[in-house]
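Subject: Handing over a structure, with notes

Dear colleague,

I am passing on the structure below, and I would be glad if you could look through it alongside the notes that follow. Please keep in mind as you read that this is a predicted model.

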Amino acid sequence: MVSGKEKRNYLKAIKYEFIVGARITKGRYIVTIFLFLLIVRFLIFQGNINFWDFCVKLWEGIPVYKRSENSVFILPALLMFVQTVLFFVVGSYPTKEIQDYGKFSFLYSSRRQWWVRKSVWIFVNIGIFFVVLYFMIGLGTVIKTKDWSSLSIINASVAKEMSASNYRRLLVWCFLLPFMVSEVFGILQLFISVYVKPIYGYLMIEIILVLSAYFTNPFLIGNYMMLLRADVFLQNSCINLEWGTVYCILLYTFLFTIGFILISTKDILYKKDDVDE
């Protein structure tokens with residue numbers, strides 16, 4: 001049974017995470033806003049005039065790659081750029097914090113609580129990232145069209161080509177799966193940055209995205225960010241909403257649990273020179 005004092009102390013520790021996290025990452029968030037503007041400008045340049053057309057373009061990825069003598073492999077550049085921006089913001093905070101503000105907290109409090117607090121911070125900040133991203137896309141759409149109906153999926157060109165049930169799935173897919181995949185990448189990045197170096201976490205995420213682009217496989221999680229491979233657009237696709245949701249939850253739970261178990265046995269303070277700049 002957790003006492004009231006323990007609950008208050010834990011809430012104070014969570015509050016500390018967000019205050020210090022904001023202090024450490026505020027410069028990166030400012031840069032990110034400008035990068036969002038570039039993304040919106042690019043989508044407008046592509047001719048998108050509806051919020052949902054923007055979202056589909058953002059998360060469309062690439063079609064299923066079929067290797068042949070004449071085939072050309074193309075990376076999902078826009079998708080990879082968004083993920084790079086996301087982990088530019090949140091990726092290095094845990095190791096930066098532990099070498100500065102959080103060293104004594106790590107030494108003299110529960111390491112497992114430290115892991116939980118960092119996981120909560122990353123989870124919430126990835127959510128904030130997506131809220132800001134979609135807000136910027138919506139704002140850009142309204143400014144471009146001067147029409148609030150441009151936010152409706154009914155008026156999207158992509159919705160005119162599919163049934164009502166399918167565009168409802170599209171709505172859920174656009175909001176849910178990119179977020180869930182990013183949360184899995186977030187906990188993976190935390191795990192790698194704590195036990196190795198933040199830069200290797202970035203590289204691992206990019207490698208997974210490249211492999212996902214090359215192989216249409218339901219166990220390569222990057223496929224769930226690519227709408228052109230989803231059963232919403234591709235009949236009988238192995239990339240579907242239900243399995244993608246379950247798979248993300250299972251992967252997140254596994255990585256979180258492994259980190260929670262191992263953090264109490266690992267000395268990570270010696271890696272001061274390894275902190276990502």
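I begin with the interior, where the largest nonpolar core comprises 73 residues, and where Trp59 and Ile221 are the residues with the most contacts inside that core. At least two residues of this core come from each of the helices H1 (4–45), H2 (51–59), H3 (77–90), H6 (111–145), H7 (164–195), H8 (198–214) and H9 (241–262), and the helix that gives the most is H7, with 17 residues.

Trp59 deserves a separate entry: once its neighbours within four places in sequence are left aside, Trp59 is in contact with Leu79, Val82, Phe130, Leu133, Tyr134, Cys174, Pro178, Met225, Met226 and Leu227.

Two of these partners, Leu79 and Val82, also appear among the buried residues of H3. That helix has 14 residues and spans 20 Å from its first C-alpha to its last, close to the 20 Å expected at 1.5 Å a residue. H3 is mostly covered, with 10 of its 14 residues buried, and the buried residues are Leu78, Leu79, Met80, Val82, Gln83, Val85, Leu86, Phe87, Val89 and Val90.

Turning to H6, I looked at how this helix packs against H9: their axes come within 9 Å of each other and cross at roughly 145°. On the H6 side the contact is made by Arg112, Trp115, Val116, Ser119 and Phe123, while H9 contributes Tyr252, Leu255, Phe256, Gly259, Phe260 and Ile261. By character, the residues of this contact between H6 and H9 divide into 8 nonpolar, 2 polar and 1 charged.

Thr141 also lies in helix H6, and is Thr141 buried or exposed? Thr141 counts as buried because its relative accessibility is 1%, which falls under the 20% cut-off. With its neighbours within four places in sequence left aside, Thr141 is in contact with Ile49, Asn50, Phe51, Phe54, Lys146 and Ser150.

A further residue to consider is Asn166, which is found in helix H7. Its relative accessible area is 23%, so Asn166 is classed as partly exposed, given that this class lies between the 20% limit for buried residues and the 50% limit for exposed ones. Asn166 and Asp231 are 65 residues apart in sequence, while in space they are 9.1 Å apart, C-alpha to C-alpha.

With best regards

Terms used
Residues numbered from 1 in each chain as written. Predicted model: local features only at pLDDT ≥ 70, side-chain atom pairs only at ≥ 80, totals over all residues. Heavy atoms only, no water. Core = buried A, V, L, I, M, F, W, Y, C linked by side-chain atoms within 4.5 Å. Buried < 20%, exposed > 50% of the residue type's maximum accessible area, 1.4 Å probe, protein only. Helix = DSSP H or I, 4+ residues; strand = E, 2+ residues; numbered from the N terminus. Contact = heavy atoms within 4.5 Å. Expected span 1.5 Å × (residues − 1). Axes fitted to C-alpha atoms, helices over the stretch in contact; angles between N-to-C directions. Nonpolar A, V, L, I, M, F, W, Y, C, P; charged D, E, K, R; others polar.
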